[in-house]
Amino acid sequence: MLKKLMVVAWLGLIGLSLGCDGEKGDVGPQGPAGPAGAVGPKGDSGVAGKDGISAKELVTGQVESTNGGYTLGKNNLTAADTAMLSSSVVVVFIKAQNLWWAVPGKVDFAAGKSTTFNFITLLRGNQFFIDIRPVSWTDGGDKAPERVFQSIRAVIIPSEKFRRNAEVDWNNYEEVVSTLGLTDKDIITADL
């Protein structure tokens with residue numbers, strides 16, 4: 001009988017000790033971050049044309065500015081075009097004095113005159129616009145001077161290609177074209 005009482009007492013003691021729950025302490029401060037891991041090897045760039053995502057160029061020939069800037073664009077885009085544009089990065093170049101100038105930035109024209117431009121993009125329904133705006137100019141005055149652009153090229157780069165090519169100088173037109181493998185088939189003539 002003593003053994004049975006001992007077992008019951010033992011079980012009661014265990015139940016009592018498990019049922020006790022005291023106050024919990026505060027959570028301690030976060031420890032320091034560990035060292036960064038090693039950089040992995042660069043991944044395969046893939047085969048051109050196999051990923052279904054290709055860059056495009058929206059281009060003009062020689063144009064004259066209006067109010068010191070210029071708006072170009074494309075009408076009647078397909079659903080696939082608008083989907084591509086909505087997840088792309090746009091890089092704009094202006095050709096003057098036979099050189100490609102990245103925008104935003106300064107563009108030098110003849111006789112030591114220059115204009116600094118910025119741009120905004122707008123995708124509205126099936127229309128895409130790029131509005132190039134003058135920010136400052138060397139000619140003085142309150143109104144931006146009119147300029148002649150030999151050409152304007154807006155390179156439309158799918159975000160995935162942009163991220164995977166971080167080492168590219170996106171302000172260098174020739175390097176951008178070479179990296180993206182752009183050819184005549186990728187050129188779209190602006191109709192706005």
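User: What share of the 192 residues in the protein chain is buried?
Analyst: Quick heads-up: this is a predicted model, so local features need pLDDT of at least 70, side-chain atom pairs count only at pLDDT 80 or more, and totals for chains, interfaces and linings use all residues. Residues are numbered from 1 along each chain as its sequence is written, and side-chain values use heavy atoms, leaving out hydrogens and water. Buried means under 20% relative accessible area, exposed is over 50%, and partly exposed lies in between (1.4 Å probe, protein chains only). Going by that, the buried share of the 192 residues is 32%.

User: How many salt bridges does a search of the whole structure find?
Analyst: Here a salt bridge is a side-chain nitrogen of Lys or Arg within 4 Å of a carboxyl oxygen of Asp or Glu. One network of them links K113, D139 and R147. Over the whole structure, the search turns up nine.

User: Which residue forms a salt bridge with E57?
Analyst: E57 is buried, because its relative accessibility is 3%. The closest N and O atoms of its salt bridge are 3.4 Å apart, and the partner is R153. This pair links distant parts of the chain, 96 residues apart: E57 sits in strand β1 (residues 56-60) and R153 in strand β10 (residues 151-158). Strands are DSSP runs of E with at least two residues, helices are runs of H or I with at least four, and both are numbered from the N terminus. So the partner you're after is R153.

User: In the salt bridge of D186 with K185, which residue is exposed?
Analyst: The closest N and O atoms of this pair are 3.1 Å apart. D186 has a relative accessible area of 3%, so D186 is buried. The other residue comes out at 65%, so the exposed one is K185.

User: Which strands stand at the edges of the open sheet?
Analyst: Five strands make up this sheet, in the order β5-β4-β10-β1-β11, with mixed pairing (two strands pair if DSSP finds at least two bridges between them). An edge strand has a single partner strand, so one side is left without a neighbour in the sheet; that fits β5 (99-103) and β11 (187-189).

User: In what sense do β4 and β5 pair?
Analyst: Strands of a sheet pair through backbone hydrogen bonds, either parallel or antiparallel. Strand β4 covers residues 88-96 and shares five bridges with β5. V92 stands opposite V103 in β5. The sense of the β4 and β5 pairing is antiparallel.
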